[in-house]
2 protein chains.
Amino acid sequence: MAKIEVTAEPGVPFIDTARQFDAPRDLLFRAFTDPELLVQWLGPRKYTMKIDRYDVRDGGSWRYLHQGADGNEFGFHGVFHGTPSPEGMVQTFEFEGVPGHVSLDAIVFEERDGRTVVRSHSVYQSVEDRDAMVQSGMAEGMDEGYDRLEELIARLAPVHS
Amino acid sequence: MAKIEVTAEPGVPFIDTARQFDAPRDLLFRAFTDPELLVQWLGPRKYTMKIDRYDVRDGGSWRYLHQGADGNEFGFHGVFHGTPSPEGMVQTFEFEGVPGHVSLDAIVFEERDGRTVVRSHSVYQSVEDRDAMVQSGMAEGMDEGYDRLEELIARLAPVHS
């Protein structure tokens, strides 16, 4: 199982990630945009995900909550810039626990020989915001979500191996 | 007439600007959000501004065109993240002449003693994108727009001097 590659150079407010999946691009795009699929993989296993809104279109807004076993909820929201497509999607992102800190996330889906690399490029409003996101364990949580995404993909379209 | 202050440190993808206006915050917020006022000041004098859409709300999308004397049009579009208010507004920004390069702009209106400082903090997806924006003469165009905004404000609410 390939793990996520994370790049976060010092002194700049960027986080880049990449991970390869054994599935075509269209299937990954579905998993990122269909709320019924999204709740099955996004984020660490310890949280239950609830989608408040997920309006996948230019200007559409999205909001979801992660609920822990103790009942505590963590909200996140943003808007889509441009029309999301299997080539990629751009959206804003804000964690409601620390309001006023927004990032701009671009995701691209690169397919080759039936496999797809999902790349994200996130830019923060300050290097401090970026560092805080790295220190929050964002990459680990994202990778655990991607493990679950890999499992979901295997259920949706079993791969001959 | 106060000019714009621009900060663009090397090696980071930020542009910060500040300019003071002799008007209360609410009036400036109106000038930034009422399409009928916006077309009277945003951008250099040599362009005629046409607003395609300007939906000032969380997830609302905006698009405007600057038309030169030769008839050439330059389009810009984005979406609002969060609900714009006299305290501030956050939005995405993309120049349609160079698609695929998006920035995240935050504007705050700081009022003191009846005067208001308008501050913008823009973050780009790369330092190269930021440098290209600086080199495009963005600050000069913005300042010329702000000169026009100052004139508009004087017409809307004559200041005793």
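The exercises below work through the interface, the symmetry and some strand pairings of a predicted model with chains A and B.

**Exercise 1. Describe the extent of the contact between chain B and chain A, and state which three residues of chain B supply the greatest part of its buried area.**

Step 1. Begin with the residues that take part: chain B gives 26 residues to the contact, and chain A gives 26 residues as well.

Step 2. Turn next to the area, where the two chains bury about 1800 Å² between them, with 66% of it on carbon and sulfur atoms. Within the part that chain B buries against chain A, B:His81, B:Leu104 and B:Gln125 supply 34%, which is more than any other three residues.

**Exercise 2. Find the polar features across the interface, and then identify the elements of chain B that carry its side of the contact.**

Step 1. The interface of chain B and chain A holds 2 salt bridges. In a salt bridge, the side chain of A:Arg53 meets that of B:Asp58 at 3.9 Å, N to O, which falls inside the cut-off of 4 Å.

Step 2. Counting residue pairs in polar contact, with both residues at pLDDT 80 or more, gives 6 across this interface.

Step 3. On the side of chain B that touches chain A, the elements giving two or more residues are strand 5 (73–85), strand 6 (88–95), strand 7 (102–112) and strand 8 (115–124) of chain B. The largest share, 5 residues, comes from strand 5 of chain B.

Step 4. Sorted by class, this side of chain B has 13 nonpolar, 10 polar and 3 charged residues.

**Exercise 3. Work out how chain B is related to chain A, and why the copies meet through the same surface.**

Step 1. A turn of 180° with a shift of 0.0 Å along the axis lays chain B on chain A with an RMSD of 0.0 Å. This is the relation of a two-fold axis.

Step 2. Among the residues of chain B, B:Gly59 comes closest to the rotation axis, its C-alpha lying at 2.5 Å.

Step 3. Because 100% of the interface residues of chain B are also interface residues in chain A, the copies meet through the same surface.

**Exercise 4. Trace how strand 5 of chain B pairs with strand 4 and with strand 6 of that chain.**

Step 1. Strand 4 (residues 61–67) of chain B runs antiparallel to strand 5 of chain B, and 7 bridges join them; B:Tyr64 stands opposite B:Phe76 in strand 5. Their hairpin has 5 residues between the strands, and in it B:Gly71 takes a positive phi near 90°.

Step 2. Strand 5 of chain B also pairs with strand 6 of chain B in the antiparallel sense, over 5 bridges, and B:Ser85 stands opposite B:Gly88 in strand 6. These two strands form a hairpin with 2 residues between them.

Terms used:
Residues are numbered from 1 along each chain as its sequence is written. Chains are lettered from A and ligands numbered from 1 in the order in which they are written. This is a predicted model: local features need pLDDT of at least 70, side-chain atom pairs count only at pLDDT 80 or more; totals for chains, interfaces and linings use all residues. Side-chain values use heavy atoms; hydrogens and water are left out. Contact means heavy atoms within 4.5 Å. Buried area is the accessible area (1.4 Å probe) that two parts lose on being put together, summed over both. A polar contact is a pair of N or O atoms within 3.5 Å; within protein, one must be able to donate a hydrogen and the other to accept it, and residues adjacent in sequence count only if both atoms are side-chain atoms. Helices (H or I, at least four residues) and strands (E, at least two) are DSSP runs, numbered from the N terminus. Ala, Val, Leu, Ile, Met, Phe, Trp, Tyr, Cys and Pro count as nonpolar, Asp, Glu, Lys and Arg as charged, and the others, Gly among them, as polar. Copies are superposed by least squares on the C-alpha atoms of residues with pLDDT of at least 70 in both. Two strands pair if DSSP finds at least two bridges between them.
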